[in-house]
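Me: I'd like to get to know this protein from scratch. Could you walk me through it in plain words?

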Amino acid sequence: MKKFHKLLFLLLIVMTLTPVVTFSQYKMVDAFPSLHSFSYPIEMANANDGTNRLFILQQRGLIYVINNSPSVNASKVFLNLASKVSQSGNELGLLGMAFHPDYSNNGYFYIYHTFDSVISSSTTYWSRLSRYTVSSSNPDSALLSSQYIMFTLRQPYSNHNGGCLMFGADGYLYAGTGDGGSGGDPNANAQNVNVLLGKILRIDINTPSGGNNYSIPPTNPFAGGGGAPEIYAIGMRNPWRFTRDAVTGTIYCG
């Protein structure tokens, strides 16, 4: 047994000191070697409008547009939301963007962000989903004045605001809201089907109804009652990002 232990020990030493060559079909490259850096970038989006441009979001409220080319060396400010967005806090600010599936024709895109206000001498936090419109004369510039508010949620704390926006294969807009913050969801928002916090919401942004600037997809779990009709999935802590499989349409969220 002692000889076995000595042999195993020597084998481990040899394995440790022997160079290991690994092969991979992927390698890291600088996609835009001539482009400047960005402060607090949180997302890169594509309008899928045939222009091959990319839109880069900064947490503090700036959206830039660049040409999707390795030689690109400059960006343009597509929209400046700094006046509408929270300017402090690790999980506050501009959090998500999604382009309308028919963006190339209607110029609509959607923004999810936080803002704060002072009520009774204390800071109150909010999350807001809004629609904006690109300029009809300049495709690299959006109109700040075009804001069309879809909904606003009051946040009990400054963290766990979610923020991901995505259009599904069904054409509906999916939005992650976060459980409202603090730690351990002290208000039990994520399991409460009567509040919109701690959820993935799904709404139809093309047909306003019921006094809202959107309507409820008939296949939502609570479309017929029993909970908030905007809810698609419950029990979410902070759905900051999720993604959709381009082949199956399945949405994955951590």
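What follows is a run of questions and replies about this structure.

This is a predicted model, in which local features need pLDDT of at least 70 and side-chain atom pairs count only at pLDDT 80 or more, while totals for chains, interfaces and linings use all residues. Residues are numbered from 1 along each chain as its sequence is written, and side-chain values use heavy atoms, with hydrogens and water left out.

Me: How many helices and strands are there in the protein?
Reply: Helices (H or I, at least four residues) and strands (E, at least two) are DSSP runs, numbered from the N terminus. Going by those runs, the protein has two helices and 14 strands.

Me: What radius of gyration does the protein have, set against a compact globule of 254 residues?
Reply: The radius of gyration is taken over C-alpha atoms, and the globule rule is 2.2 Å times the number of residues to the power 0.38. The C-alpha atoms fill a box of roughly 80 × 50 × 45 Å along the principal axes. A compact globule of 254 residues would come out near 18 Å, but the protein has 23 Å.

Me: What percentage of the 254 residues is buried?
Reply: Buried means under 20% relative accessible area, exposed means over 50%, and partly exposed is in between (1.4 Å probe, protein chains only). Under that rule, the buried part of the 254 residues is 42%.

Me: Which strand gives the largest share of the largest nonpolar core?
Reply: A nonpolar core is a set of buried Ala, Val, Leu, Ile, Met, Phe, Trp, Tyr and Cys residues joined through side-chain atoms within 4.5 Å. The largest one has 22 residues, and Tyr-110, Leu-129, Phe-151, Leu-165 and Leu-173 have the most contacts inside it. Strands E5 (94-99), E6 (108-119), E8, E9 (165-167), E10 and E11 each supply at least two of its residues. The largest share, three residues, comes from E8.

Me: Which residues, beyond its neighbours within four places in sequence, is Leu-129 in contact with?
Reply: Contact means heavy atoms within 4.5 Å. Leu-129 is one of the residues with the most contacts inside the largest core. With those sequence neighbours set aside, Leu-129 is in contact with Tyr-110, Ile-111, Tyr-112, Ile-149, Met-150, Phe-151, Leu-165, Leu-173 and Ile-203.

Me: How many salt bridges does a search of the whole structure find?
Reply: A salt bridge is a side-chain nitrogen of Lys or Arg within 4 Å of a carboxyl oxygen of Asp or Glu. Searching the whole structure for such pairs gives five.

Me: How many residues apart in sequence are the parts that Glu-43 and Arg-241 tie together?
Reply: The side chains of these two meet in a salt bridge, 3.5 Å from N to O. Glu-43 lies in strand E1 (residues 41-45) and Arg-241 in the loop between strand E12 (231-233) and strand E13 (242-244), so the parts they tie together are 198 residues apart.

Me: Which residues are joined into one network by salt bridges that share partners?
Reply: Asp-140 forms a salt bridge with Arg-53 at 2.7 Å, N to O, and both of these residues are buried. Asp-140 also forms one with Lys-76, with the closest N and O atoms 3.1 Å apart. That pair links the loop between E7 and E8 to strand E4 (residues 76-80), 64 residues apart. Through shared partners, the network joins Asp-49, Arg-53, Lys-76 and Asp-140.

Me: Is Lys-76 buried, partly exposed or exposed?
Reply: Its relative accessibility is 47%. Lys-76 therefore counts as partly exposed.

Me: Which side chain of opposite charge is nearest to Asp-179?
Reply: Asp-179 sits in the loop between strand E10 (173-176) and strand E11 (200-203). For charge, Lys and Arg count as positive and Asp and Glu as negative, while His and the chain ends are not counted. Asp-179 is buried but has no salt bridge, and the nearest side chain of opposite charge, 5.3 Å away, is Arg-237.

Me: Which residue's backbone nitrogen lies 2.9 Å from a polar atom of the side chain of Asp-179?
Reply: Among the residues in contact with Asp-179, leaving aside neighbours within four places in sequence, are His-160 and Met-236. The backbone nitrogen at 2.9 Å from its side chain belongs to Gly-181.

Me: Is Asn-48 buried or exposed?
Reply: Asn-48 lies in the loop between E1 and E2. At 67% relative accessibility, Asn-48 counts as exposed.

Technical notes. Polar contact = N/O pair within 3.5 Å; in protein donor to acceptor, adjacent residues only side chain to side chain.
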